[in-house]
Each structure stands twice: as C-alpha cells, then as structure tokens.
Amino acid sequence: MPDTHFGYETVDEAAKARRVRGVFDSVAPKYDVMNDLMSLGLHRAWKAYAVAVANARIGDRVLDIAGGTGDMARALAPRVGSRGLVIHSDINEAMLRQGRDRLLDEGLILPALICDAEALPFPSDAFDLVSVAFGLRNMTHKEKALDEMNRVTRPGGRLLVLEFSRVARPLAKAYDWYSFKLLPRLGAWVAGDADSYRYLAESIRLHPDQAELKAMMKSAGFGHVDVHNLSAGVVALHVGIKC
Ligand SMILES: C[S@@+](CC[C@H](N)C(=O)[O-])C[C@H]1O[C@@H](n2cnc3c(N)ncnc32)[C@H](O)[C@@H]1O
C-alpha cells in the first residue's frame, strides 16, 4: 500500500484514514468550543464570508462535504429555502451526529449522510453548489476527492473550498509559535488531547498552498478558479466554476 502523510509522519494510506478518523472521534464532543477558542471566533467570519460568496439561491441543491458539526449546512439552508436542498455529509459518524443533533436542537432538519468525499454516492451533475470547509486537508487522495466534487457539480455550478493556507511571510514566525507551542497546549487543556491539535498544525503546513490548490482544482475540471485570501492567508477560499 502506498505511503502518505499523517501530519509530519509517513504512514500507509489505510493508517492515515484510520488515524484521521481517530482525531475526529476524539475531538467531536469539544470541536465547536475548540474552534471558537483556537481561532478567537474567526472561523465564524471565514465561514460567513464563504457563504456570502457562495451566493446560493432559492431552490439550489447544495452538498456540504466534511460538514462536521454543521456550520456551513446551517448557514446555507435558509438561502436555498424549502424548495432547495442542503445535504450535510461527513465520513465520520461522531462528527456528523454532533452536527445533526445541534441542527435538530435549532429546529433544522437536513438530510445527514455518512460519505467519503473520495467516492461520493451521488449521480453526476447533481448539485448547483458543493462546499467543503476545513475538510480537504484531511483527505488521503485530494485529487480524487476534487475529481468527485467536480463530477457531482452541474456544469456552471460552483465548488467552494475553505481551508487553511499559506500565511503571509511577515506573520509566519508568530503563526508557527502559535501553531506548534500554544495550540497543542490549548488542545490538552480544553479537549484533553494535545496530539490531535499537533496533527492540525502539521497538516496545515503540508496542505497545498493557494497557487497549488488552484492548479489542482483546474486539473479536476473547474475551468475558472478564484482565490480569496482571508486573515493574511491563514485561510483561503477557493471558488471553482465547472465550465
Ligand atoms: C476540521 S473538520 C471540519 C468540519 C466543518 N466543515 C467545519 O468547518 O467546522 C474536518 C472534517 O473532515 C472530515 N473528513 C475527513 N476526511 C474525509 C473524507 N474523506 N470524506 C468526508 N469527510 C472527511 C472529518 O471527519 C471532519 O469532520
């Protein structure tokens, strides 16, 4: 079996999928509070920006991949209205359940589906909009996942990839200190799990930067790709149009 990366470790592909599952099984109960804490609430603004750019319309069919605790699905649902459809999906049952319960508590009933982004159980051209927020980084075969996202997007439809990216150079040192020193400690204090947050920092460093991800999306069949840097490149929103 070919090797890949789990953070800075080299592992075989089956081990990577298993260990990513372990990370999200472990962080699921504290995922939302940790997200707020470690981004100082900024993840809300990044997601709100992505949803505004998505420009989903009444009646649109939307697939949220790696949807976790449901932030994107919750924000997109009112935009497509009762004539539209938002599917909240994730490969990890613990994360999906956490999200589904939270959405139900807020009175939102959306189809929730366990599925692997690398083998999506949908026909081709099924969605007007596909979104993946902070999920692509964790996938073993990113090209395969992007190919699948392209396949299920209708011609003229859009893919939104919101993901950590390459921070502007003047901030790099401070960002490294935060990621490798503070973040694992926060993870240990709040979630009792330093390792998962160390993985987070390492996986961000290994993720393709803005230009590389844009090229990957173009190779997957998104003829036009716009890149929006957020918070000096800590995060980037890539918007691809299937054309
Ligand atoms: C950091 S969380 C992001 C959750 C949510 N989208 C958010 O922004 O808060 C990453 C999610 O990616 C999911 N994931 C990892 N590999 C996946 C795959 N191959 N297919 C679908 N989801 C995957 C994990 O289970 C996890 O819930």
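How far is an oxygen atom of the ligand from an N or O atom in the side chain of Lys47? In this predicted model, the separation between that ligand oxygen and the N or O atom of the Lys47 side chain is 3.0 Å. The points below cover the surroundings of the ligand, then the setting of Ser131, and finally a cluster of aromatic rings that includes Trp46, Phe134 and Phe164.

**Ligand surroundings**

- The ligand is surrounded by 19 residues, and the closest of these are Tyr31, Ala66, Asp90, Ala117 and Ala133.
- Sorted by class, the shell around the ligand consists of 10 nonpolar, six polar and three charged residues.
- Besides the approach to Lys47, an oxygen atom of the ligand lies 2.9 Å from an N or O atom in the side chain of Tyr31, while a nitrogen atom of the ligand is 2.9 Å from a backbone N or O atom of Ala117.
- The ligand taken alone would expose 600 Å², and the protein buries 96% of that area.

**Ser131**

- Ser131 belongs to strand 6, which spans residues 127–133, and with a relative accessible area of 1% it counts as buried, because that value is under 20%.
- The side chain of Ser131 makes a polar contact with the side chain of Asp64, at a distance of 2.7 Å.
- Leaving aside residues up to four places away in sequence, Ser131 touches Leu63, Asp64, Ile65, Met72, Leu76 and Leu160.

**Aromatic rings**

- The count of aromatic pairs in the model comes to six.
- One of these pairs joins Trp46 and Phe164, whose ring centres are 6.3 Å apart and whose planes stand at 85 degrees, so the arrangement is edge-to-face, the angle being over 60 degrees.
- That pair links distant parts of the chain, since Trp46 sits in helix 3 (residues 42–54) and Phe164 in strand 7 (residues 153–164), with their positions 118 residues apart in sequence.
- Phe164 also pairs with Phe134, and because the ring centres are 4.9 Å apart with the planes at 45 degrees, this second pair is tilted.
- Phe134 lies in the loop between strand 6 and helix 6 (142–152) whereas Phe164 lies in strand 7, so the tilted pair ties together parts that are 30 residues apart in sequence.
- Trp46, Phe134 and Phe164 together form one aromatic cluster, and each of these residues is buried, with relative accessible areas of 6% for Trp46, 10% for Phe134 and 13% for Phe164.

Conventions:
Residues numbered from 1 in each chain as written. Predicted model: local features only at pLDDT ≥ 70, side-chain atom pairs only at ≥ 80, totals over all residues. Heavy atoms only, no water. Near = heavy atom within 4 Å. Polar contact = N/O pair within 3.5 Å; in protein donor to acceptor, adjacent residues only side chain to side chain. Areas by Shrake-Rupley, 256 points an atom, 1.4 Å probe, with all protein chains shown as cover. Nonpolar A, V, L, I, M, F, W, Y, C, P; charged D, E, K, R; others polar. Helix = DSSP H or I, 4+ residues; strand = E, 2+ residues; numbered from the N terminus. Buried < 20%, exposed > 50% of the residue type's maximum accessible area, 1.4 Å probe, protein only. Contact = heavy atoms within 4.5 Å. Phe/Tyr/Trp six-rings, centres within 6.5 Å; stacked < 30°, edge-to-face > 60°.
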